[in-house]
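Trainee: Please take me through one part of this model in detail: the empty space between its atoms. I would like to know what borders that space and how far the coordinates there can be read.

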Amino acid sequence: MLNLERLRTLDAVARHGSVSGAADGLHVTTSAVSQQLSKLEREVGQQLLAKNGRGVRLTDAGLLLAEHAARILSQVQMAQADIEAQRGQVVGEVRVAAFPSAARGLFPAALASLREGHPELRVRTTELEPEQGVRAVLRGDADLALVLDWSNKRAPVPGGLERAHLLDDSADVALPAGHPLAGRAAADLVDFADEEWVSWPEGEFCHDWLMFTLRSQGIEPRIGHLAGEHHTQLALVAAGLGVCVTPRLGRPVPDGVVFVPVRQQVRRHIYATWRADAGRRPSVRAVVGALRAAAEPLAD
């Protein structure tokens, strides 16, 4: 009889690509992962891992068993979801990931509401960028993730996931307080054609969106600085080192920065996403409902 927890460990190694990654995903030590895999190898009588440089790789037997493990664990998750749905109670644990401004803008109200309304539910949260959040849900490391796309650059929903719209979040251009356009009631993006921009890190969806959006207006962006956190971006703007696009949800308002609305109505759409087989869980539905309630007063 194969041990379910050992199959879960093998599945984590296959998904994360390393023992250390599996340990992080399972919230255990690397030694615990190695011990579980050694026991699993003894159970099946075959070698499942082989050294690969400084890391490891799955053997043919390991890959075969990992494929079965993924299917078995998926069936277990579906069974757990069905049992929870049949019981109809909001209990247990839900792991939620969100990008920083969504966590800052939505988590406090949503989590306080859930604690009051469902005291037997435990919600664990972490900050992850949207792409990382989607991967965490697909891997099973998170039950729910808050993700985004933009009104002029949509993001596809990976197969096996469902999502619910939470909020449309407008964005403005952030300027140093002494900028000539700081007193404008509104501006066009072309008004900032000669500006140096502060952007998100290269490779992130929002950085690609900014490049796409500015170029669609005939602007070849001059990127002076890259920063993932809005706090950092706005600190650079306050120091007169550039301008940036800043969504309104959860944004800080530092001294020395003025926000000017964009006439083109630059907006991002914020969603909650989860695995389709988890949608029957009352706990997941309760968290989505609380997030929607927290987002409602913030809608444009």
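**Pockets, cavities and their borders**

Mentor: Helix H2 (19-26), strand S3 (92-98), strand S4 (121-127) and helix H6 each supply at least two residues of the lining of the second largest pocket. That pocket has a volume of about 290 Å³. Its lining consists of 17 residues, and those nearest the centre are His-27, Thr-126, Leu-128, Ala-136 and Asp-141. By class, the 17 divide into 5 nonpolar, 7 polar and 5 charged residues.

Keep in mind that this is a predicted model. The mean pLDDT of the protein chain is 89, with 97% of the residues at 70 or more. The chain has 300 residues, of which 45% count as buried. It holds 9 helices and 11 strands, and its C-alpha atoms fill a box of roughly 75 × 50 × 30 Å along the principal axes.

Next comes the largest pocket, with about 630 Å³ of space. It is lined by 24 residues, and Arg-8, Gln-77, Arg-95, Gly-140 and Arg-275 are the closest to its centre. By class, this lining has 11 charged, 7 nonpolar and 6 polar residues. H2 and H6 appear again here: together with H1 and H4, each gives at least two residues to the lining of the largest pocket. The biggest share comes from H4, with 7 residues.

That share calls for some care. H4 (residues 60-87) is where confidence in the protein chain is lowest, at a mean of 79, while strand S7 (residues 196-199) has the highest value, 96. Where pLDDT is low, predicted coordinates should not be read in detail. For the H4 side of the largest pocket, then, keep the mean of 79 in view.

H1 can be described further. Helix H1 covers residues 4-16, which makes 13 residues, and it reaches 18 Å from its first C-alpha to its last, close to the 18 Å expected at 1.5 Å a residue. At its start, a side-chain oxygen of Asn-3 comes to within 2.9 Å of the backbone nitrogen of Glu-5. After its end comes Gly-17, with a positive phi near 85°. Within H1, the buried residues are Arg-6, Leu-7, Thr-9, Leu-10, Asp-11, Ala-12 and Val-13.

Now the enclosed space. Rolling a probe the size of a water molecule over the atoms shows where empty space is left. In this structure there are 3 cavities of 30 Å³ or more. The largest of the cavities has a volume of about 110 Å³. Its lining has 13 residues, and Ser-101, Glu-129, Trp-200, Gly-228 and His-230 lie nearest the centre. Helix H5 (residues 100-117) gives the most to this lining, with 3 residues. By class, the lining of the largest cavity has 6 nonpolar, 4 charged and 3 polar residues.

The second largest cavity has a volume of about 40 Å³. Glu-129, named above for the largest cavity, is found in this lining too, along with Pro-130, Glu-131, Glu-204, Phe-205 and Cys-206. Helix H6 (130-139) and helix H7 (205-216) each supply at least two residues of it. By class there are 3 nonpolar and 3 charged residues, and no polar ones. H6 thus recurs throughout this account, because the lists of helices and strands that each supply at least two lining residues name H6 for the largest pocket, for the second largest pocket and for the second largest cavity, with helices taken as DSSP runs.

Two loop residues deserve a look for their side-chain contacts. Arg-281 sits in the loop between strand S11 (267-275) and helix H9 (282-295). Buried means under 20% relative accessible area, so Arg-281, at 12%, counts as buried. Its side chain makes a polar contact of 3.4 Å with the side chain of Asp-143. His-179 lies in the loop between strand S6 (161-176) and S7. This histidine is at 14% relative accessibility and therefore counts as buried. The side chain of His-179 reaches the backbone nitrogen of Leu-181 at 3.0 Å.

Methods:
Residues numbered from 1 in each chain as written. Predicted model: local features only at pLDDT ≥ 70, side-chain atom pairs only at ≥ 80, totals over all residues. Heavy atoms only, no water. Helix = DSSP H or I, 4+ residues; strand = E, 2+ residues; numbered from the N terminus. Expected span 1.5 Å × (residues − 1). Buried < 20%, exposed > 50% of the residue type's maximum accessible area, 1.4 Å probe, protein only. Polar contact = N/O pair within 3.5 Å; in protein donor to acceptor, adjacent residues only side chain to side chain. 1 Å grid on protein atoms, 1.4 Å probe; cavity = no way out; pocket = protein on both sides within 12 Å on 5 of 7 lines; lining within 4 Å. Points joined across faces, edges and corners; volume = space filled by probe spheres on them. Nonpolar A, V, L, I, M, F, W, Y, C, P; charged D, E, K, R; others polar. pLDDT = per-residue confidence, 0-100.
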